[in-house]
Amino acid sequence: LYLFGEQVKMVSSMKSEDLCELLAQNEERLSELYGIYAVKFPEYKDLWNGLAGEEEQHAKWIRNLASWAKEGLIDINNSRFNIAAINTFTSYVDKEIARARNSLVSLINALSIASYIEDSIIENRFFEVFEGDSPDWRSTLLDLATETNKHRSMIKEALKKTKASEL
């Protein structure tokens, strides 16, 4: 299978650690994007820096989940995702990082992009790749879901406020 000119493997043939690493790297990419937005839009730097820091934390949590899976404490459902979908998400975020670096984004556009990304994470249930009964696992997954929903709410509120101020 080829996506954006690169050959990609189907998830079912990927190692669980590789899948988790892709998910963790996506969180780090989001942190990078939000960090760029913090510099570009200082009036919302607290929002963007807060989101960036939390995305870094999400990457650590995902790597912890991967290590628990390696120890046999939880399972990873490799068939949950098609690698092409993950790579499409990664490519989208990378494209937005490049656009932001090149000053090709307004504040409303940045907030709309961030809203779309956070919505996509929730709607596609990216973190449902993990399975198990461990209370620590459930707590980590709940934290990921809660923070992602919080991100979505904060971004939508900032977008609403910004649009209202431009009227």
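**Entry 1: Glu96**

I looked up Glu96 and asked whether this residue is buried or exposed. Its relative accessibility is 2%, and because buried means under 20%, I recorded Glu96 as buried. I note here that the model is predicted, so every value in these entries is computed from that model. Glu96 belongs to helix α3, which covers residues 83–101.

I then asked which side chain has a polar contact with the side chain of Glu96. The partner is the side chain of Arg99, at 2.8 Å. Setting aside neighbours within four places in sequence, I found Glu96 in contact with Leu33 and Ile113.

**Entry 2: Helix α2 and its end**

I checked the length of helix α2, which runs over residues 45–70. What span should its 26 residues have at 1.5 Å a residue? The expected figure is 38 Å, because the rise is counted once for each residue but one. The C-alpha atoms at the two ends are 38 Å apart, so expectation and model agree.

I also looked at what comes after α2. Gly72 follows the helix, and its phi is positive, near 85°.

**Entry 3: Ala59 in helix α2**

I next turned to Ala59, which has its place in helix α2. Its relative accessibility is 1%, so I entered Ala59 as buried, by the limit of under 20%. I asked which residues Ala59 touches when those up to four places away in sequence are not counted. The residues are Ala24, Glu27 and Glu28.

I also compared sequence and space for Ala59 and Ser31. The two residues are 28 apart in sequence, while their C-alpha atoms are 9.5 Å apart.

**Entry 4: Aromatic rings**

I searched for aromatic pairs and counted four. One of them joins Tyr34 and Trp48, with 5.6 Å from centre to centre. Their planes stand at 40°, and the pair is classed as tilted. Why does this pair tie together separate parts of the sequence? Tyr34 lies in helix α1 (residues 16–40) and Trp48 lies in helix α2, so the pair links parts that are 14 residues apart in sequence. I looked up the accessibility of both residues: Tyr34 is buried at a relative accessible area of 0%, and Trp48 is likewise buried at 0%.

A further pair is formed by Tyr37 and Phe41, with 6.1 Å from centre to centre. This pair is also tilted, with 55° between the planes. Both Tyr37 and Phe41 are buried. I noted that ring pairs connect Tyr34, Tyr37, Phe41 and Trp48 into a cluster.

I then asked which residue lies over the face of Phe41. The residue is Lys40, placed 5.9 Å from the ring centre.

**Entry 5: The whole protein**

I finished with the overall layout. The protein has five helices and four strands. Read from the N terminus, the order of the elements is β-β-α-α-β-α-α-β-α.

How much of the protein is made up of buried residues? The share is 46% of the 167 residues. The protein exposes about 8,800 Å², and carbon and sulfur atoms supply 50% of that area.

Lastly, I looked at contacts between residues at least 6 apart in sequence. Of these, 84% join residues at least 24 apart.

Definitions and conventions: Residues are numbered from 1 along each chain as its sequence is written. This is a predicted model: local features need pLDDT of at least 70, side-chain atom pairs count only at pLDDT 80 or more; totals for chains, interfaces and linings use all residues. Side-chain values use heavy atoms; hydrogens and water are left out. Buried means under 20% relative accessible area, exposed over 50%, partly exposed in between (1.4 Å probe, protein chains only). A polar contact is a pair of N or O atoms within 3.5 Å; within protein, one must be able to donate a hydrogen and the other to accept it, and residues adjacent in sequence count only if both atoms are side-chain atoms. Contact means heavy atoms within 4.5 Å. Accessible areas come from the Shrake-Rupley method with a 1.4 Å probe; for residues, only the protein chains shown count as cover. Rings of Phe, Tyr and Trp (its six-membered ring) pair if their centres lie within 6.5 Å; planes under 30 degrees apart count as stacked, over 60 as edge-to-face and the rest as tilted. A charge sits over a ring if NZ of Lys or CZ of Arg is within 6 Å of the ring centre and within 35 degrees of the ring normal.
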